[in-house]
Amino acid sequence: MSLSGVNSDIDDAVPARPEPDPGPGTGRRWSLPEPPKLSLGLQGALIYAGLRLLGVAITALMLQHGKYALRHWSLIRWMRSSDGGHYTAIAAHGYTYPVGDLAHASVFSWFPGYPAVIDSIAWLPGITIVAAGLVVTAVAGLAAAWGLTALGLKLTGDPRISLLMVALWAVAPGSVVLSMMYGEALFCALAIWALVALVSRRWLTAAGLTVLAGTVRSTAVALIVTVLVAALMAVIPAVRARQPFAAWWRPLAAMALAPLGLLGYLGYVAVATHRLDGWFWVEKHTCHMAFDWGTSTLRVVKNTLLGTPSVAIVLVIGALIGAVLLTLWSLTERIPVYLHVYTLVVVFLALTTSANWISSKPRFLLPAVLLALPVARLLARLRTPVLVPLVVVLAAASTWIGLYLTVIARWTP
């Protein structure tokens with residue numbers, strides 16, 4: 001019977017035409033099937049994964065040679081060093097704090113979101129807390145790369161620029177923590193997808209992701225301000241135009257919901273320490289971190305430029321000066337105003353806190369992912385055979401800087 005159901009008897013009566021004989025010594029020609037076309041988001045995630053694996057391979061190699069070998073650090077020790085130890089303790093034991101014991105109050109400097117996710121999978125058979133932490137970091141980094149690809153495409157419409165944004169973010173100064181037990185990968189994933197939701201006007205999704213981000217890093221302040229600005233830009237014209245409440249209740253709800261994650265944790269610390277300013281008190285008296293309008297950072301920059309600084313401080317200050325220049329350059333991009341606000345607040349927070357942990361400031365700048373946009377737009381003109389080795393060199397350089405600061409200079413990244 002024919003597929004059409006018409007003249008079925010005639011169709012059945014006609015014999016099939018035999019295929020022509022290819023002749024002796026000839027065979028049927030076969031062609032390889034075309035490989036499946038990967039989505040742009042998956043391409044971005046694969047680029048990120050490749051750069052992270054390259055960085056880990058370089059790190060493993062360097063730890064076995066020269067002065068690095070004299071430190072006797074294994075790759076796992078490096079991955080769980082510095083903040084990793086605090087996150088491991090919180091995931092295993094929670095926030096144990098004898099009231100009034102200043103020495104143990106520092107535990108509250110590390111937000112609960114990242115260790116909570118670690119603890120949620122560490123119960124699986126054969127999964128240690130360190131392994132769980134590295135898994136969370138890896139998966140969150142892939143999610144962040146996928147989201148950054150989507151954000152870049154929404155802003156530029158250019159897949160090449162979008163993928164370059166991912167590559168540049170993955171090799172930024174401070175990016176070594178994206179291979180370590182740090183909360184930056186998780187925070188960046190939540191923040192980037194919140195920005196994607198804002199650009200797409202998915203207000204409640206953006207608010208929910210901002211709430212979660214507020215449990216991971218204090219940098220969520222930048223995301224909260226961004227949601228408030230974007231929501232006001234939607235609500236005020238709607239109210240002036242006397243649109244019905246159904247047209248603008250979502251951005252209004254996003255304004256109310258966005259700060260809840262950060263405020264919730266600050267409230268918890270206030271109750272635990274019996275101080276209304278508990279978290280800020282802990283930051284100032286145990287971690288020696290406070291808001292000082294950047295005076296201490298400027299003093300370090302001045303001493304670096306006019307004195308005889310160490311290699312470590314030159315690397316860090318160079319990264320900070322580069323970030324300031326990139327911030328100014330990024331303001332020339334024609335993107336929504338609230339995205340500029342996000343970048344400015346992230347950079348402002350990173351530079352205006354005290355310089356006691358100056359080596360961590362490049363890490364504090366990682367959430368400012370849109371700093372990569374103008375550079376990506378410029379590099380997109382280059383041919384791929386030029387771009388690939390360039391990105392590889394940048395990956396090797398950022399890995400060396402991070403490893404040098406951690407192992408040789410013994411600074412916290």
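**Note on pockets, cavity and surface patch**

1. By class, 18 nonpolar, eleven polar and four charged residues make up the lining of the largest pocket. This pocket belongs to a predicted model, and its volume comes to about 850 Å³. The lining counts 33 residues, of which Ser-218, Trp-279, Glu-283, Met-289 and Phe-364 are the closest to the centre of the pocket. Two or more lining residues are given by each of α5 (83-93), α14 (260-273), α15 (278-285), α18 and α19, and α18 gives the most, with four residues.

2. The second largest pocket, with a volume of about 600 Å³, is lined by 22 residues, and the closest to its centre are Leu-168, Val-171, Ala-172, Pro-173 and Leu-326. The elements that give two or more residues to this lining are α9 (159-170), α17, α20 (372-379) and α21, with the largest share, five residues, coming from α17. By class, the lining of the second largest pocket has 20 nonpolar and two polar residues, and no charged residues.

3. As to enclosed space, the structure holds one cavity of 30 Å³ or more, and about 110 Å³ of space lies in the largest cavity. Of the 15 residues that line the largest cavity, Pro-173, Gly-174, Pro-362, Ile-401 and Leu-405 are the closest to its centre, while α17, α19 (361-364) and α21 (384-408) are the elements that give two or more residues to the lining. The largest share, four residues, comes from α21, and the lining divides into nine nonpolar residues, five polar and one charged. Pro-173 is thus named among the residues closest to the centre both for this cavity and for the second largest pocket.

4. On the surface, Leu-305, Leu-306, Ile-321, Val-324, Leu-325, Leu-328, Leu-331 and Leu-344 make a nonpolar patch of about 770 Å². The elements that give two or more residues to this patch are α16 (295-306) and α17 (311-330), and the largest share, four residues, comes from α17. One of the patch residues, Leu-331, is found in the loop between α17 and α18 (337-352); Leu-331 counts as partly exposed because its relative accessible area is 39%, a value between the limits of 20% and 50%.

5. Is Leu-320, by contrast, buried or exposed? Leu-320 lies in helix α17 and counts as buried because its relative accessibility is 4%, which is under the limit of 20%. The C-alpha atom of Leu-320 is separated by 9.6 Å from that of Ile-358, a residue 38 residues apart from Leu-320 along the chain.

Notes:
Residues numbered from 1 in each chain as written. Predicted model: local features only at pLDDT ≥ 70, side-chain atom pairs only at ≥ 80, totals over all residues. Heavy atoms only, no water. Patch = residues over 30% accessible without salt bridge, like charges linked within 9 Å, V, L, I, M, F, W, Y side chains within 5 Å. Areas by Shrake-Rupley, 256 points an atom, 1.4 Å probe, with all protein chains shown as cover. Salt bridge = Lys/Arg side-chain N within 4 Å of Asp/Glu carboxyl O. Buried < 20%, exposed > 50% of the residue type's maximum accessible area, 1.4 Å probe, protein only. 1 Å grid on protein atoms, 1.4 Å probe; cavity = no way out; pocket = protein on both sides within 12 Å on 5 of 7 lines; lining within 4 Å. Points joined across faces, edges and corners; volume = space filled by probe spheres on them. Nonpolar A, V, L, I, M, F, W, Y, C, P; charged D, E, K, R; others polar.
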